[in-house]
Amino acid sequence: MTDFEDIYDLALMKMKDYRLDNLAVTNYEGFLNYLRGLLVSGLGEFSGCLNDLSYTSQTEEGVTKYYFNADLTVLEKDILSEIIAYNWFQQNNNDILVYKNKMTVKEFKNLEISSGLKARTEYLDKWREKIHQKISQYQLSNFSSVFGESW
């Protein structure tokens, strides 16, 4: 079984968010729930995983922990961590208030938001392609497992 927190640790190395850091300090359970949401919502992106991505939870001392039923490989964990980081960035990209907090109201109204959003959206598209390229390479490296020994 692979602990979800193993995946979170890898994902947190790919993203930096002071609000998330603050949530981890003030409400660790809320922090874990947030990361679990990012992970679970992205499991469909990795539909070609050779291991079972079903998961279960166990409550120990009042704390609920989540585990994948399979022992995931390092590459599978890395792909899932990329998906968490991607979902986090996409969510932040969709939050227009991220821009507003850094400037006055007048500057915010005069700024061409569309050009900044376009660049960030292109970045997200390239990132998604990178994730799917990793998944394809993962599957190709396990070609016999995917297509059987007859190939």
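This note goes through the fold, the core, one buried acid and the salt bridges of a predicted model.

1. Basis. In this predicted model, local features need pLDDT of at least 70 and side-chain atom pairs count only at pLDDT 80 or more, while totals for chains, interfaces and linings use all residues. Residues are numbered from 1 along each chain as its sequence is written, and side-chain values use heavy atoms, with hydrogens and water left out.

2. Overall fold. The protein has eight helices and three strands, which follow one another from the N terminus as β-α-α-α-β-β-α-α-α-α-α; helices (H or I, at least four residues) and strands (E, at least two) are DSSP runs, numbered from the N terminus. Of its 151 residues, 32% count as buried, where buried means under 20% relative accessible area with a 1.4 Å probe, protein chains only.

3. Nonpolar core. The largest nonpolar core (buried Ala, Val, Leu, Ile, Met, Phe, Trp, Tyr and Cys residues joined through side-chain atoms within 4.5 Å) has 31 residues, and Leu35, Leu39, Phe46, Leu53, Phe68, Leu80 and Ile84 have the most contacts inside it. Two or more residues come from each of α1 (4–12), α3 (28–42), α4 (74–93) and α7 (113–141), and the largest share, eight residues, is that of α4. Leaving aside residues up to four places away in sequence, isoleucine 84 touches Ile7, Tyr8, Ala11, Leu35, Leu38 and Leu39, contact meaning heavy atoms within 4.5 Å.

4. A buried acid. Glutamate 76, in helix α4, deserves a look, for this residue is buried yet has no salt bridge, and the nearest side chain of opposite charge, lysine 77, is 8.4 Å away (Lys and Arg count as positive and Asp and Glu as negative; His and the chain ends are not counted). A polar contact of 2.4 Å does join the side chains of glutamate 76 and tyrosine 138; the term covers a pair of N or O atoms within 3.5 Å, of which, within protein, one must be able to donate a hydrogen and the other to accept it, and residues adjacent in sequence count only if both atoms are side-chain atoms.

5. Salt bridges. The count comes to 10 salt bridges, each a side-chain nitrogen of Lys or Arg within 4 Å of a carboxyl oxygen of Asp or Glu. Lysine 134 pairs with aspartate 78, the closest N and O atoms being 2.5 Å apart; lysine 134 lies in helix α7 and aspartate 78 in helix α4, so the pair ties together parts that are 56 residues apart in sequence. Salt bridges that share partners join Lys14, Asp78, Glu82, Lys130 and Lys134 into one network.

Technical notes
Buried means under 20% relative accessible area, exposed over 50%, partly exposed in between (1.4 Å probe, protein chains only).
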